[in-house]
Amino acid sequence: MRVKLHREGTNILIVGLILVLLINVPLWLWVRPMVWAIVSTAVFGVTYLLAVNFFRSPKRYYKGERRNTVVSSADGKVVALEETYEGEYLKGPALQLSVFMSPLNVHANWFPVDGEVIYTAHHSGRFMGAYLPKSSVENERSTVVIRTPEGQLVLVRQVAGAMARRIVTYAYPGVEASIEDHMGFIKFGSRVDIYLPVGTETLVEVGDKTIGGITRIARLK
């Protein structure tokens, strides 16, 4: 597993580093007592390291069986696993599996299945806590539908949270989806909902932790 910084964080990290230097270098040169420079450097340094940690982008390789396999789209914890009605595209009952990402998790999102992207849409909305069930339909969100090689439809929804202010989706109709590729990125706290055909065998439970692009969460019929 290789780790690098995600391109979505490049500008933010560059500007952040410049601000850290502009604020702290003068403190070390001209402000006395030195305790102010030490405290400021510590606070800004920790904040900057947290930002670097947030924008890390590991390259992952899935080595298991791919046919009919559903892999987690995100790092985080399973917070919902229930049958529900999906009204945007599927227009019928579906099995919803949701993974919540804390600010400490990797926030890149992977395609959950191999196949072809046949639908994408972005919806403006609110910024409630991503752990709330109604955030799936009321928050800022982006929807991607993938048709597997066997013809089954899997819908993935990136949902903004209270801290998230930008959802980035790389998928668009006609793109080949691969479990190992990034589908998008959500900045600062969020969740991913995956809608599967009713009757799909689930391999995780509520409370389980997942690794995006690695953890098998379900097996399609």
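This guided tour moves through a predicted model, one selection at a time.

**The sheet**

Begin by displaying the strands. Eight of them form an open sheet with antiparallel pairing, in the order β11-β7-β8-β9-β13-β5-β4-β15. The two edge strands are β11, at residues 176-177, and β15, at residues 209-210, and each of them pairs on one side only.

Start at the β11 edge. Select residues 115-123, which make up strand β7; this strand is joined to β11 by two bridges in the antiparallel sense. Within this pairing, E116 stands opposite E176 of β11.

**Strands β8 and β9**

Next, select residues 141-147 for strand β8. Seven bridges connect β8 with β9, and the pairing is antiparallel. To see one pair of partners, highlight V145 and L155, the latter being the bridge partner in β9. Then follow the chain from β8 to β9: the two strands form a hairpin with five residues between them. In the turn, select G151, which has a positive phi of about 95°.

Now select the whole of β9, residues 153-160. Is this strand largely enclosed or largely open? Seven of its eight residues are buried, so β9 is largely enclosed by the rest of the structure.

**Across to β13, β5 and β4**

Add residues 190-196, strand β13, to the selection. Strands β9 and β13 run antiparallel and are joined by six bridges. Here Q158 stands opposite V192 of β13.

Turn next to strand β5, residues 92-101. Eight of the ten residues of β5 are buried, and the strand is mostly covered. Strand β5 pairs with β13 over seven bridges, again in the antiparallel sense. V192 of β13 appears here as well, as the bridge partner of V99.

Continue to strand β4, residues 76-86, which runs antiparallel to β5 and is joined to it by nine bridges. T84 and its bridge partner in β5, A94, may be selected as an example. Strands β4 and β5 also form a hairpin, with five residues between them. K91, in the turn of this hairpin, has a positive phi of about 55°.

While the strands are displayed, one general point may help in viewing the side chains. In a regular strand, side chains alternate between the two faces of the sheet.

**A buried residue: N109**

Select N109, which is located in strand β6, residues 108-110. Is N109 buried or exposed? N109 has a relative accessible area of 0%, and therefore counts as buried. Show its side chain together with that of Q158: the two side chains make a polar contact at 2.8 Å. Q158 is the residue already seen opposite V192 in β13. Beyond the four nearest places in sequence, N109 touches residues including S73, A74, M101, H182, F185 and V192.

**The nonpolar surface patch**

Finally, move to the helices. Select I14, V15, I18, L19, L22, I23, V35, W36, V39, V43 and F44, which together make a nonpolar surface patch of about 1000 Å². Helices α1 (10-30) and α2 (35-54) each supply at least two residues of the patch. Which helix gives the most to it? The answer is α1, with six residues.

End the tour at W36, which lies in helix α2. The relative accessible area of W36 is 54%; because exposed means over 50%, this residue is exposed. N109, by contrast, is buried.

Note on methods
Residues are numbered from 1 along each chain as its sequence is written. This is a predicted model: local features need pLDDT of at least 70, side-chain atom pairs count only at pLDDT 80 or more; totals for chains, interfaces and linings use all residues. Side-chain values use heavy atoms; hydrogens and water are left out. Helices (H or I, at least four residues) and strands (E, at least two) are DSSP runs, numbered from the N terminus. Buried means under 20% relative accessible area, exposed over 50%, partly exposed in between (1.4 Å probe, protein chains only). A polar contact is a pair of N or O atoms within 3.5 Å; within protein, one must be able to donate a hydrogen and the other to accept it, and residues adjacent in sequence count only if both atoms are side-chain atoms. Contact means heavy atoms within 4.5 Å. Two strands pair if DSSP finds at least two bridges between them. Patches are made of residues with over 30% relative accessible area and no salt bridge: like charges are joined within 9 Å, nonpolar side chains (Val, Leu, Ile, Met, Phe, Trp, Tyr) within 5 Å. Accessible areas come from the Shrake-Rupley method with a 1.4 Å probe; for residues, only the protein chains shown count as cover. A salt bridge is a side-chain nitrogen of Lys or Arg within 4 Å of a carboxyl oxygen of Asp or Glu. Lists of a residue's contacts leave out its neighbours within four places in sequence.
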